[in-house]
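This report walks through a protein chain and the ligand beside it, beginning with the contacts of the ligand and moving outward to the chain as a whole. Please keep the sequence and the 3D view open while reading.

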Amino acid sequence: MPEPATPPPAAPTGEVVIRTLAMPADTNANGDIFGGWLLSQMDLGGAILARSMARSRVVTVAIDSMSFLRAVGVGDLVTCYAKLLGVGRTSMRIHVEAWTQHFAEGTLWRVTEGTFTYVAIDDAGKPQPVKR
Ligand SMILES: CC(C)(COP(=O)(O)OP(=O)(O)OC[C@H]1O[C@@H](n2cnc3c(N)ncnc32)[C@H](O)[C@@H]1OP(=O)(O)O)[C@@H](O)C(=O)NCCC(=O)NCCS
C-alpha cells in the first residue's frame, strides 16, 4: 500500500519576520499575486533573521526547494515565518514559509516555502565568520 502523503503543517513554524498586504501592483497576468513578489518578501524575511543571527550585513547566496503551493489574491494578508536550520562558518540556512489570510476569513493557508542560504559579509562584501 502506498505511504500516505505527508499532510501540510497545520500551523506556521518559525518566527514572524514580515507581515504585509498583497497589492494590485504585485499581480501577474492572471490577476493573482506574482510569484516573484512573494519570493522577494521571503528573501527579505530570511535576511532579517540572518542579519539578527550574524549581527552583520548578509547576502543571499542560494535558494533551494522553493515551492509555490497556492495562489495569493489581492488584499490577502501575507506573513513570512523564518526558522534557522543551521550555521556554517560564514553561512546560515534558513527555512522560510509564507502564509496568507483572506481579509474576510480567519483561515491561514501556507502558500510558499523554501530554504535560503545567506552569507555574512564585511564592509568589503567578503564573507566573514558568523558571530555567535
Ligand atoms: C556570497 C558571496 C559573498 C560568497 O563569496 P565566495 O567568495 O564565494 O565565498 P565562499 O566560497 O568562501 O563561500 C562562503 C560561504 O557560502 C557558502 N556557499 C557558497 N556558494 C553557495 C551555494 N551556491 N549554496 C550554498 N552555500 C554556498 C559556502 O559553503 C560558504 O559557507 P561556510 O563559510 O559556512 O562554509 C559571493 O558569492 C557574492 O557576493 N555573491 C553575490 C550575492 C548577491 O549579490 N546576492 C543577491 C543579493 S542579496
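## The ligand and its polar partners

An oxygen atom of the ligand lies 2.8 Å from a polar backbone atom of Arg89, in a model that, it should be said at the outset, is predicted. An oxygen atom of the ligand is also found 2.6 Å from an N or O atom in the side chain of Ser91, while a nitrogen atom of the ligand is 2.9 Å from a polar backbone atom of Thr60. The ligand has 970 Å² of accessible area on its own, and the protein covers 44% of this area.

## The shell around the ligand

The residues that surround the ligand are Val59, Thr60, Val61, Ala62, Gly88, Arg89, Thr90, Ser91, Thr117, Val119, Gly125 and Pro127. Sorted by character, this shell consists of 5 nonpolar, 6 polar and 1 charged residues. Strand S2, which spans 57-68, supplies the largest share of the shell, with 4 residues, and strand S5, which spans 108-121, is the other element that gives two or more residues.

Val61, one of the residues of the shell, sits in strand S2. Is Val61 buried or exposed? Its relative accessibility is 55%, and because a residue over 50% is classed as exposed, Val61 counts as exposed. Apart from its neighbours within four places in sequence, Val61 is in contact with Thr117, Tyr118 and Val119, and of these, Thr117 and Val119 also belong to the shell around the ligand. Val61 and Ser91 are 30 residues apart in sequence, yet their C-alpha atoms are 8.7 Å apart in space.

## The nonpolar core

The largest nonpolar core has 25 residues, and those that touch the most other members are Val58, Val72, Cys80, Met92, Ile94, Val96 and Tyr118. Two or more residues of this core come from each of strand S1 (15-21), helix H1 (35-54), strand S3 (77-87), strand S4 (91-101) and S5, and H1 gives the most, with 7 residues.

Met92 can serve as an example of the surroundings of a core residue. When its neighbours within four places in sequence are left aside, Met92 is in contact with Ala50, Met53, Ala54, Val58, Leu84, Gly86, Val87, Phe116, Thr117, Tyr118, Ala120 and Val130. Among these partners, Val58 and Tyr118 are themselves listed with the core residues that touch the most other members.

## A charged residue on strand S5

Glu113 is found in strand S5, and its side chain makes a polar contact of 3.0 Å with the side chain of Arg110. Beyond its neighbours within four places in sequence, Glu113 is in contact with Met42, Ser65, Met66, Ser67, His95, Val96 and Glu97.

## The chain as a whole

The protein chain contains 1 helix and 5 strands, and from the N terminus on these elements follow the order β-α-β-β-β-β. Among contacts in the chain with a separation of 6 or more, 69% join residues that are 24 or more positions apart.

Of the 132 residues of the chain, 36% count as buried. The accessible surface comes to about 7600 Å², and carbon and sulfur atoms account for 56% of it. Taken along the principal axes, the C-alpha atoms fill a box of roughly 45 × 45 × 25 Å.

Terms used
Residues are numbered from 1 along each chain as its sequence is written. This is a predicted model: local features need pLDDT of at least 70, side-chain atom pairs count only at pLDDT 80 or more; totals for chains, interfaces and linings use all residues. Side-chain values use heavy atoms; hydrogens and water are left out. A residue is near a molecule or strand if one of its heavy atoms lies within 4 Å of it. A polar contact is a pair of N or O atoms within 3.5 Å; within protein, one must be able to donate a hydrogen and the other to accept it, and residues adjacent in sequence count only if both atoms are side-chain atoms. Accessible areas come from the Shrake-Rupley method with a 1.4 Å probe; for residues, only the protein chains shown count as cover. Ala, Val, Leu, Ile, Met, Phe, Trp, Tyr, Cys and Pro count as nonpolar, Asp, Glu, Lys and Arg as charged, and the others, Gly among them, as polar. A nonpolar core is a set of buried Ala, Val, Leu, Ile, Met, Phe, Trp, Tyr and Cys residues joined through side-chain atoms within 4.5 Å. Buried means under 20% relative accessible area, exposed over 50%, partly exposed in between (1.4 Å probe, protein chains only). Contact means heavy atoms within 4.5 Å.
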